[in-house]
Amino acid sequence: MAFRRRARRMRWLGCYRLGMLWKALLVFLAIVFAGQLLGVIFSKRSVQPERPNPLFSLSSVDSQGPSLGSCRPHTHVMFLKTHKTASSTVLNMLYRFGDERGLRFALPLGYQFGYPLPFNAHRVKGYRGPRVVDFSIMGNHMRFNKPEVEKVMPADTFYFSIVRDPVALAESSYAYYKAVAPAFKRAKGLADFAADPRQYYDPRLRNNHYARNLLWFDFGLDHNANFSESLARRGEAAVRRAFKLILLSEHFDQSMVLLRHALCWPLDAVVSFSLNARQQKGSKGSSSGGLMLSEELRQKLREWNALDWHLYQAFNRTFWEEVENFGRARMETEVTLLRARREVMARVCLRDGGRPVEASRIRDKTIRPFQSGLVKILGYELQLGLDNATSQACLRMIRPEIQYKDLLDARQFPRSPQSAPAAVVVSYKKDLGHPRMTELGGVRVGERERDWDGSWVSRNQTSVLRAGKGPLR
């Protein structure tokens, strides 16, 4: 009997303990559930942490664009940056693509590769002999010289460039280079120059290449040669041999679609905001007279730039042949996608509705564009309140050429903190004739320096740059 009572008591105690364990487990689960519920409620009421905007995700469908098939992206690219052809916008795309992927750039010692002299491989910073260093991207201004370029770039490099109607190019060139091109300096306006260019042009004077056949010159050809059909065809053939694709600045979006497919790059790599654009003036305020050129004067400019006119016509035909081969309907679809993507990026990234603004209105002095010539060069202001990842992606799209080049230079050729030079403030000044010296940390620099075109040109901008290091951030 005692044994049975002990067994019943043990069974009762086991059930009691099991019951207590179940009750404890139920209480625990109730507490956990209540905690989660309260957490959700309070998290909705509290400020959410920043999350990266998926707009710039390399894996998103919108950023990739329509399928490119099984091709592999080109990472060895050479762009001949011709003058006044929207080439600064193209260079920004190359900078962004290489920057985001850690590619090595063939960068000039200054900001151009010894222009207007023909390119020499030793103008590349870090060059140590033919193809010793694996450079991926080259795109700063140069006067093209294929044998020397081939010493720097790999054998599988994709070469491309961009051209523009010579009349429009002449108008832009006049506005930018009137202060440095003697032929433009002597003329009262572009109309005056176009009426009789030979009256003002002397081929022996430095920087007059800006005033005649500038495309021909940039491609490394003799821009002062007398025009003949045979000469023009030989020059055209030389360009065709050297370059796999020639774009048109007047049809920029179609050009970007062709370039994207040629390079096998994602859509976002060729979406851009127009950089280095100048402020347009009305006909009354136009200092160049370009808006008032008669058809007769426009024809005279074509004749004066006959070699450029031949190149433009030839590659204009080729361009539309490429579009036909690509498919007109397909091109329209992809251009629509590209423009829609640009509008989305502009809404996310830019203030003032995405419109470019005068440099003086840009509060961040490190992204104010370089000012040159008679016109105001416009830039952009970043939208406020962007998360860090989106802000950096947007900043890459609007960073001016000079500042971006300095940034890439600093990354490829880092200096120790002890050897880094002091910051230099280059301040705005209207008087181009008297350089003002600015001193910071024992470093003195003039507003005028020999760099962009080999002549003395005013910095004439409000910007904070780091001497040899890039923009202050």
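# Notebook: sheet, loop and cavity

I started with burial over the whole chain: of its 473 residues, 51% count as buried. I note here that the model is predicted. I then counted secondary structure and got 15 helices and 14 strands. I also looked at contacts between residues at least 6 apart in sequence. Of these, 72% join residues at least 24 apart.

**Entry: the five-stranded sheet**

I traced an open sheet of five strands, with parallel pairing. I read its order as E2-E3-E1-E4-E5. Which strands are at the edges? I find E2 (105–106) and E5 there, each pairing on one side only.

I began at the E2 edge. E2 pairs with E3 (residues 137–138) in the parallel sense, over two bridges. Phe 105 stands opposite Ile 137 in E3.

Next I moved to E1 (77–80). E1 and E4 are parallel partners, with four bridges between them. Leu 80 of the chain stands opposite Ser 161 in E4. I followed Ser 161 on to E5, where its bridge partner is Ile 246.

I then checked the pairing of E4 (residues 158–163) with E5, which is parallel over four bridges. Here Phe 160 has Leu 245 in E5 as its bridge partner.

I looked up what covers the sheet. Helix H3 (residues 87–101) lies across E1, E2, E3 and E4. I get an angle of about 160° between H3 and E1.

**Entry: burial of E4 and E5**

How many residues of E4 are buried? I count six of its six. I split them by face. Phe 158, Phe 160 and Ile 162 are buried on one side. Tyr 159, Ser 161 and Val 163 are buried on the other. Both faces of E4 are thus covered.

I ran the check on E5 (residues 245–248), an edge strand. Both of its faces are covered. Leu 245 and Leu 247 are buried on one side, Ile 246 and Leu 248 on the other.

**Entry: the loop between E2 and E3**

I picked three residues from this loop, beginning with Ala 121. Is Ala 121 buried or exposed? I find it buried, because its relative accessible area is 0% and buried means under 20%. I listed its contacts, leaving aside neighbours within four places in sequence. Ala 121 is in contact with Tyr 127, Glu 148, Lys 151 and Val 152. I also took the distance to Ala 106, 15 residues away along the chain. The two C-alpha atoms are separated by 9.7 Å.

Pro 116 is in the loop between E2 and E3 as well. I flagged the bond that joins Tyr 115 and Pro 116 as a cis peptide, with omega about 10°.

Arg 131 is placed in the loop between E2 and E3 too. I noted a phi near 55° for Arg 131, a positive value in a residue other than glycine. Its relative accessibility is 44%, so I count Arg 131 as partly exposed; the exposed class would need over 50%.

**Entry: cavities**

I searched the whole structure and found three cavities of 30 Å³ or more. The largest holds about 60 Å³ of space.

I listed the lining of this largest cavity. Pro 166, Leu 169, Ala 170 and Ser 173 are part of it. Tyr 210, Ala 211, Arg 212, Asn 213 and Leu 214 are in the lining too. Asn 305 and Asp 308 also belong to it. By class, I get six nonpolar, three polar and two charged residues.

Which helix gives the most to this lining? I find helix H5 (residues 166–177), with four residues.

I went back to one lining residue, Asn 213. Asn 213 is in the loop between helix H7 (190–195) and helix H8 (214–218). Its phi is positive, about 45°, although it is not a glycine. What is the relative accessible area of Asn 213? I get 2%. Asn 213 is therefore buried, the cut-off being under 20%.

Key: Residues are numbered from 1 along each chain as its sequence is written. This is a predicted model: local features need pLDDT of at least 70, side-chain atom pairs count only at pLDDT 80 or more; totals for chains, interfaces and linings use all residues. Side-chain values use heavy atoms; hydrogens and water are left out. On a 1 Å grid over the protein atoms alone, a cavity is a set of points where a 1.4 Å probe fits but cannot get out, and a pocket is an open set with protein on both sides within 12 Å along at least five of seven lines; lining residues have an atom within 4 Å of a point. Grid points are joined across faces, edges and corners, and a volume is the space filled by probe spheres set on the points. Ala, Val, Leu, Ile, Met, Phe, Trp, Tyr, Cys and Pro count as nonpolar, Asp, Glu, Lys and Arg as charged, and the others, Gly among them, as polar. Buried means under 20% relative accessible area, exposed over 50%, partly exposed in between (1.4 Å probe, protein chains only). Two strands pair if DSSP finds at least two bridges between them. Contact means heavy atoms within 4.5 Å. Axes are lines fitted to C-alpha atoms, for helices over the stretch in contact, and angles run from 0 to 180 degrees between N-to-C directions.
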